[in-house]
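Work through the exercises below with the coordinates open. Try each task before reading its solution.

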Amino acid sequence: MGQRIQHLRLEKGLSLSELADRADVAKSYLSNVERNIQSNPSIQFIEKIADALQVSIHALLYGEPNDAEESPLDSEWFRLVQEAMASGISKREFKEFLDYQKWRLDQKD
């Protein structure tokens with residue numbers, strides 16, 4: 001992923017400092033990711049870099065647009081998922097909530 005970030009950064013004519021500033025991340029950490037010294041950045045870091053480079057998270061992770069989806073997860077949905085994760089809700093609990101909501105909608109029909 002580091003090479004993709006570097007390639008996209010250079011393609012957009014940004015210096016390491018400029019991208020770090022735009023993404024609000026530490027320049028040293030960004031440099032370590034680009035050089036593959038840090039190979040497991042957080043999802044928050046990935047989101048910030050993707051936003052700053054104006055590419056989808058999928059493109060940043062896999063190097064190509066995600067044609068399977070009509071549109072990537074927008075930032076508001078992404079933040080809601082992050083908030084749910086940060087609150088300690090498990091995937092199972094989240095899935096149960098969604099199932100309940102679907103059930104409620106079906107009951108109205």
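The exercises go from the overall fold to the core, the aromatic pairs and the backbone.

**Exercise 1. The fold**

Task: Find how many helices and strands the protein chain has, and what share of its residues is buried.

Solution:
- Step 1. Keep in mind that this is a predicted model.
- Step 2. Assign the secondary structure. The protein chain has 7 helices and 0 strands.
- Step 3. Write the order from the N terminus: α-α-α-α-α-α-α.
- Step 4. Turn to burial. Of the 109 residues in the protein chain, 25% are buried.
- Step 5. Take the surface. The accessible area of the protein chain is about 8,000 Å². Carbon and sulfur atoms hold 50% of that area.
- Step 6. Take the contacts with a separation of 6 or more. Residues 24 or more positions apart make 53% of them.

**Exercise 2. The largest nonpolar core**

Task: Name the residues of the largest nonpolar core that touch the most other members, and find which element gives the largest share.

Solution:
- Step 1. Recall the background: nonpolar side chains tend to be buried together in soluble globular proteins.
- Step 2. Collect the members. This core holds 17 residues.
- Step 3. Rank them by the other members they touch. Ile5, Leu19, Leu30, Phe45, Ile49, Leu53 and Leu60 touch the most.
- Step 4. Sort by element. Helix H1 (2–11), helix H2 (16–23), H3 and H4 each give two or more residues. H4 gives the largest share, with 6 residues.
- Step 5. Look at Leu30. Neighbours within four places in sequence are set aside. Leu30 then contacts Ile5, Leu16, Leu19, Ala20, Val25, Phe45 and Ile49.

**Exercise 3. Aromatic pairs**

Task: Count the aromatic pairs and classify each one as stacked, edge-to-face or tilted.

Solution:
- Step 1. Choose the descriptors. A ring pair is described by the distance of the centres and the angle of the planes.
- Step 2. Count. There are 2 aromatic pairs.
- Step 3. Classify Tyr29 and Phe45. Their ring centres are 5.0 Å apart and their planes meet at 80°. Over 60 degrees counts as edge-to-face, so this pair is edge-to-face.
- Step 4. Place this pair. Tyr29 is in helix H3 and Phe45 is in helix H4, 16 residues apart, so the pair links distant parts of the chain.
- Step 5. Check exposure. Tyr29 is partly exposed, at 26% relative accessibility. Phe45 is buried, at 5%.
- Step 6. Classify Tyr100 and Trp103. The centres are 5.9 Å apart, with 25° between the planes. Planes under 30 degrees apart count as stacked. This pair is stacked.
- Step 7. Place the second pair. Tyr100 and Trp103 both lie in helix H7 (residues 91–108). They are 3 residues apart, about one turn of the helix.
- Step 8. Check exposure again. Tyr100 is partly exposed, with a relative accessible area of 45%. Trp103 is partly exposed too, at 48%.

**Exercise 4. Positive phi**

Task: Where do Asn36 and Gln54 lie, and is each one buried, partly exposed or exposed?

Solution:
- Step 1. Read phi for Asn36. The value is near 60°, positive in a residue other than glycine.
- Step 2. Locate Asn36. The loop between helix H3 (27–34) and helix H4 (43–53) holds this residue.
- Step 3. Classify Asn36. Its relative accessible area is 41%, so Asn36 is partly exposed.
- Step 4. Repeat for Gln54. Phi is positive, about 60°, and Gln54 is not a glycine.
- Step 5. Locate Gln54. It lies in the loop between H4 and helix H5 (57–62).
- Step 6. Classify Gln54. Its relative accessible area is 67%, and over 50% counts as exposed, so Gln54 is exposed.

Terms used:
Residues numbered from 1 in each chain as written. Predicted model: local features only at pLDDT ≥ 70, side-chain atom pairs only at ≥ 80, totals over all residues. Heavy atoms only, no water. Helix = DSSP H or I, 4+ residues; strand = E, 2+ residues; numbered from the N terminus. Buried < 20%, exposed > 50% of the residue type's maximum accessible area, 1.4 Å probe, protein only. Phe/Tyr/Trp six-rings, centres within 6.5 Å; stacked < 30°, edge-to-face > 60°. Core = buried A, V, L, I, M, F, W, Y, C linked by side-chain atoms within 4.5 Å. Contact = heavy atoms within 4.5 Å. Areas by Shrake-Rupley, 256 points an atom, 1.4 Å probe, with all protein chains shown as cover.
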